[in-house]
Every structure is written in C-alpha cells, then in structure tokens.
Amino acid sequence: MAQDTTARKRRLSAKDLLTDGRVALMLPLGFSSGLPFLLVFSTLSAWLREAGISRTEIGLLSWVALAYSLKFVWAPIVDRYDVPVLARLLGRRRGWMALSQIVTAAGLVGIALGDPQTHLSLTIASALLVAFASATQDVVIDGWRIDAASTERQGMMAASLQLGYRLALICAGAGALYIAEFVNWHSAYLAMAALMGVGLAATVLAPRLDEAAPRERLPFAAAVVEPLTELFRRKGPILIPILALIACFRLPDFVAGVMANSLYIDLGFSKADIANVSKLYGVWIGIAGAFAGGLAATRLGLWWTLLIGAVIAAASNLMFSWLAVAGARLDLLVLAISVDNFAGGFAGSALVAYMSGLTAPGYAATQYALLSSLYALPGKLIGGGSGAVVDAYGYPLLFSATAAIGIPLVILCLVVRRDTTRTAAEKDAEPDGKPALATQPRA
C-alpha cells in the first residue's frame, strides 16, 4: 500500500512539474543566485587588468571566494533570527532573501561607481560586500527551496535553479563584457545591479512558507552546533558513509575539470572551438542533463537517480582519455563534452535532491550549507594536484583514474540505500507530498 502511494505521488508530481509554481520560481531565484558570482571574479578581473592593476593584486582579490566556502558559519543566523521589518512583511526566509538581494545590488552599484585606478580600496570593499551578501542569498534560497517542496520534487527544483544560474553566468560573463566593450565598465555593473531586481521580484511573488515567530534565543555557538548534533542524532552511524558519499560524489568532475581546458589547448584546439563547444553548446547540454536528473528523481526515485548519476558522472571521464589518445578531433571533442556535461548535470540534480532530503525542518539552511560545502571541498583540494599527475603520467591516466572513483561511489550508494529509501518514504508520508513547515526545530 505504501509503495502504491509512493508511485502515485511520483506519477502526479511528474505530471504537474511543468505547471508547479515552485519549480517555476526557482528559475528567477537561480538567476539571482548566479548573477553576482562572475562579477566578483573573472569579469571583475578583466576590468582590473584593463585598469592596470597588477596580476598579484588581482590574484589576492580571488580570496573573496572564501565567503562562498565559509557560508555555513553564518547560516545559523538565517535559520534562527529574523530580519527586522522585512521578516514581519515577508516571513523569515523571504525577509533574508530580500535583504541579501538588496545588499548584493548595492555592492554592485559600489563597484560601478568606483574607479580601480584611483579608488581600488572601494572596489575591493564592494566586491567583498557582494560576495558575502551573495553567499548569504545562496544559503537562504536553498533553505526556501527545501522548505517549499518534497524530496521527490527537489530534483526538478534544482534543475530549474541550475537553468537560471547558468543563464545568469552568461549575462554576468559575456553580457557584462559586451556592455563594457560598447559603453563602459560602469554601465555594465549598473546594468547587472538592476538585474538583481529579477530575484527580488521572485522573492515577493514566492509563497510565504514561514512566519516571523519568535524562537528560543541561543548563543551563536550553540546555534552552530545544534544543527550538527541534530543531524548526527537523527542519522546515527550511517551518517559516516553518507558524508563520505557526498564528499566524493562530484570528485571526478572537479578533478577532471581543472585539467580539461589544458587538455584542449595541448591538443591544439583553437580558442574559438573551445568557446563554441565547451562554453556555449556544452552549457545547454548540461542544462538538459540537469532536467533529466530531476525527472529521474521523480520517476525512478532518489536512490536509483543517485546511483545512475554516480556511475555516469565518473565514467564520462573516460571520454577525455579517449580524446587525449585520439588527438585534436573536433567530433570527439563534441562527443566528450556532450557526455561529460550531460552526466555532470544529471549527477548535480541527483546530489542536490539527496542533500536536501537529509535536512530537517528548522535547520534546512544551516545543514544544507554544511553539506554543500563538504561536497565541494575535496575536489578543490585534490584538484590542485591534477597538474602534477599529468606532468608525471599524462592525460589518459589522470582521466582514467578519476573514472575509477565511480567504483567506491557505487559501493557507498549501496551502503546508504536503506537510509535513502527510508528518508524518501518519510517525506512521501507527509501531507500533500510537502515537508512540514516549522518555525521551531524538530525535537
């Protein structure tokens, strides 16, 4: 009977996904989430270099990325405390969302009004403000997304968010450069600040899922520790393989991604070929993979989607080994990027849905921020040594080794299967397929 109920909910959710307003709202929210990222990294670096800023100073500015890696530190504030005035008008989640979007736009205006040649300190301060507010926005959007829909719908919610995010990267990358080329940098950043209005409008239109109800006032340290202890208490020993799976799930993508562009250059592909196939065509294939992963989570269930994503994301790296051996064949470049981007998008949706299902009401923003930081960290650390592996053993061995990571990933998927199935069943048992929304943490 329970299986029939689960299957019926999956059929209904698959049928209703395209008309689900929550899925549609993730598109502009994803756009708002993705827009600031390049504007404090590669796009800003181009402006700084054009202004004559040294490469050393530009490199040091990349440290603003720490805001995205350390966002879990202040995520408990988003879960625990209200934004004055805005929380009363919009609720806790939307109040934080609106504040972070307004502050992000203000930071972009600060960059636009500054001049790196004469007021570099203002540019740096504004970039730090944008990075901090943008990372906070990511935390609260994830919290709202998890509160808004059941685990079975999280795959499509994530796919819609990824579509908006990638469209924003195009605007903040190519779009800002075009405006800077034909008008000036100041106008480019003012235009990007105005585009933050897309996310603000979505915030206002989003359903109010929580009220600005008072919570027990805990010391900040306790507010950080409590979500962790709740997760350990709820999951028990199975949490160890769960965390290992999350930490290693995207490792093949991260490690291979560091050396992919170097491979293309070393093989002799032109920059135009790389841009057309990897940066334009590949983006849309990745989006298709993300939506395929979302649909799979709806139709096949979370565990099967997770297992398929682990296998194809790791195995897709064998395409780069083939390309490295075959040489500069454009047809193989297209095939390799097609397989890799589709698999990466599919696996990304699977992982987001899985991590979302691990969180508890009242702790969603903090726990998800911790889990998402965990999945990115090993790839950043290990990816730094990928160049040394290529120098010593060549590209084919590196990409074959990263593909082999899929074997322990499959084993970990099998280990956590029972917990994954149980978690999905608990979510399905909730009324109307939606998680219970709570202003107080679960006991």
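Here are legends for several close-up views of this predicted model.

In this model, local features need pLDDT of at least 70 and side-chain atom pairs count only at pLDDT 80 or more, while totals for chains, interfaces and linings use all residues. Residues are numbered from 1 along each chain as its sequence is written, and side-chain values use heavy atoms, with hydrogens and water left out.

**View 1. The whole chain has 23 helices and 0 strands.** Helices (H or I, at least four residues) and strands (E, at least two) are DSSP runs, numbered from the N terminus. Of the chain's 443 residues, 55% count as buried. Here buried means under 20% relative accessible area, exposed means over 50%, and partly exposed is in between (1.4 Å probe, protein chains only). Take the contacts (heavy atoms within 4.5 Å) with a separation of 6 or more: residues 24 or more positions apart account for 84% of them.

**View 2. Helix α3 covers residues 42–50.** Look for Thr-43, Leu-44, Trp-47 and Leu-48, which are buried. Seen down the axis of α3, these buried residues fall within an arc of 135°, so they line one face of the helix. The arc is that of the directions from the helix axis to the C-beta atoms. Just after α3 you meet Gly-52, with a positive phi of about 90°.

**View 3. Helix α3 packs with helix α11.** Two packed helices are described by the angle between their axes and the distance between the axes. For α3 and α11, that's about 160° and 12 Å. Axes are lines fitted to C-alpha atoms, for helices over the stretch in contact, and angles run from 0 to 180 degrees between N-to-C directions. The pair is therefore roughly antiparallel (angles over 145 degrees; under 35 is roughly parallel, 65 to 115 roughly perpendicular and the rest oblique). On the α3 side, the contact is made by Thr-43, Leu-44, Ala-46, Trp-47 and Glu-50, and on the α11 side by Trp-185, His-186 and Tyr-189. Sorted by type, these residues are 5 nonpolar, 2 polar and 1 charged. Ala, Val, Leu, Ile, Met, Phe, Trp, Tyr, Cys and Pro count as nonpolar, Asp, Glu, Lys and Arg as charged, and the others, Gly among them, as polar.

**View 4. Thr-203 sits in helix α11 (residues 185–205).** At 0% relative accessibility, Thr-203 counts as buried. Leaving aside residues up to four places away in sequence, Thr-203 touches Leu-29, Arg-94, Met-97, Ala-98 and Gln-101.

**View 5. Val-85 lies in the loop between α6 (75–80) and α7 (86–90).** Val-85 isn't a glycine, yet it has a positive phi of about 70°. With 48% relative accessibility, Val-85 counts as partly exposed.

**View 6. Helix α20 spans residues 386–393.** Ser-386, Gly-387 and Val-390 are its buried residues. Down the axis of α20, they fall within an arc of 105°, so they line one face of the helix. Over on the other side, Ala-388, Asp-391, Ala-392 and Tyr-393 are exposed. Gly-394, just after α20, takes a positive phi of about 100°.

**View 7. Helices α17 (residues 318–326) and α21 (residues 395–404) cross at roughly 170°.** Their axes come within 8 Å, and the two helices are roughly antiparallel to each other. From α17, Leu-318, Phe-320, Ser-321, Ala-324 and Val-325 meet Tyr-395, Pro-396, Phe-399, Ser-400 and Ala-403 of α21. This contact between α17 and α21 has 8 nonpolar residues, 2 polar and no charged.
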